[in-house]
Amino acid sequence: AVSCLVLGLVPALANTQIIPQVADGAGWSTTIVLTNKTSSTQSVALSFNMDTANGATTPWTLQFLEGVSQSSISLAAGSTLFLHTPGSSTTLTQGWGQIDAAAGVSGYAIFTDRAAGPAQDGTAPAVSASTRVLVPFDNSSGYISAIAVANPTNAAETVQANIRTSDGTFSGTLPTLPAKGQITFLMPQQFTGTVGKSGLAEFYVASGSISIIALRANGTAFTAAPVYFQTGSPIIGAPNSPPTSSPQLQVIPQVADGAGWSTTIVLTNTTTSDLPVTL
């Protein structure tokens, strides 16, 4: 009975989420959205690292219009808090952020670009850190994919990349990321073999962990592209193996075509087996 009482008083397990890209100034602003999905008030701590040069960062006290204390935010039960960076500077400052809170707190970032014409928004969830991340990309038909990679660890990381396009596979390496470092790049510039192509990029580290977000732009607007956090050995270039996964059903709640709209369906096989798909 005593054990049950003690366990009942222990707060929810702490949870760390990474926002691999934060930008403010030169027309850009970032909104951090925090949601408490629990029935009790939770404490949230935010921390940020500003890009300096060559992947290195320095601690960053990011300013929010709401004037909150980043190290101690009290988030009421069943509530959501929106925090807006000013976006008023003519100089672009960017880096990455970290959310430390109870397991029932989730976060995401909204990137707003007002530099050219009407404001454009792109939303990306705060993500976990992992040893391996799969990133679908599309650099075809005028589209381009942008990637942000953050190293949330206290040691330098060498990030390897395996890339598969429709006409083959190849490997590469990103510049070494210092502790708490970050790199942002356009896929066709960092990996020229992806120019004009679409496919799957696999980023991984031998030890430590990384966090990644991807944005897909068409020259006018942009949107966040989902990435898949994985563990285990790399799959691109690995020998085929017999299927071991069970069939699953996924739903796309909205599909539109016509009157200026079109829909792109993206399918990614995260295994080393050839798998059938029915749409």
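This briefing describes the confidence, the sheets and one pocket of the structure above. The model is predicted, and its protein chain has a mean pLDDT of 93. Two open sheets are described, one of 5 strands and one of 4 strands. The account closes with the second largest pocket, whose volume is about 470 Å³.

**Confidence**

- Across the protein chain, 95% of the residues reach a pLDDT of 70 or more.
- Residues 1-13 stay under 50 in pLDDT, and the model has 5 contacts beyond four places in sequence for this stretch.
- Where pLDDT is low, the predicted coordinates should not be read in detail.

**The sheet of 5 strands**

- Read across this open sheet, the strands follow the order β13-β12-β15-β10-β18, and their pairing is antiparallel.
- The edges are formed by β13 (168-173) and β18 (228-230); each has a single partner strand, so one side of each is left without a neighbour in the sheet.
- On average, neighbouring strands of this sheet are turned by 20° against each other, direction ignored.
- The partner of the edge strand β18 is β10 (residues 132-138), and the two are joined in the antiparallel sense over 3 bridges.
- Within this pairing, L134 has Y228 of β18 as its bridge partner.

**The sheet of 4 strands**

- Here the order is β6-β2-β8-β9, in an open sheet with antiparallel pairing.
- β6 (80-84) and β9 (120-125) occupy the edges; because each has a single partner strand, one side of each lacks a neighbour in the sheet.
- The average turn between neighbouring strands of this sheet is 20°, with direction ignored.
- Strand β8 (residues 105-113) pairs with β9 in the antiparallel sense, over 6 bridges.
- The bridge partner of I110 in β9 is T123.

**The second largest pocket**

- This pocket is lined by 22 residues, of which Q21, W28, A146, L186 and L215 are the closest to its centre.
- At least two lining residues come from each of β1 (14-24), β8, β11 (144-150), β14 (182-186) and β16 (211-217).
- Strand β8 thus links two topics, as it contributes to this lining and also belongs to the sheet of 4 strands.
- By class, the lining comprises 15 nonpolar, 5 polar and 2 charged residues.

Definitions and conventions. Residues numbered from 1 in each chain as written. Predicted model: local features only at pLDDT ≥ 70, side-chain atom pairs only at ≥ 80, totals over all residues. Heavy atoms only, no water. Pairing = 2+ DSSP bridges. Axes fitted to C-alpha atoms, helices over the stretch in contact; angles between N-to-C directions. pLDDT = per-residue confidence, 0-100. Contact = heavy atoms within 4.5 Å. 1 Å grid on protein atoms, 1.4 Å probe; cavity = no way out; pocket = protein on both sides within 12 Å on 5 of 7 lines; lining within 4 Å. Points joined across faces, edges and corners; volume = space filled by probe spheres on them. Nonpolar A, V, L, I, M, F, W, Y, C, P; charged D, E, K, R; others polar.
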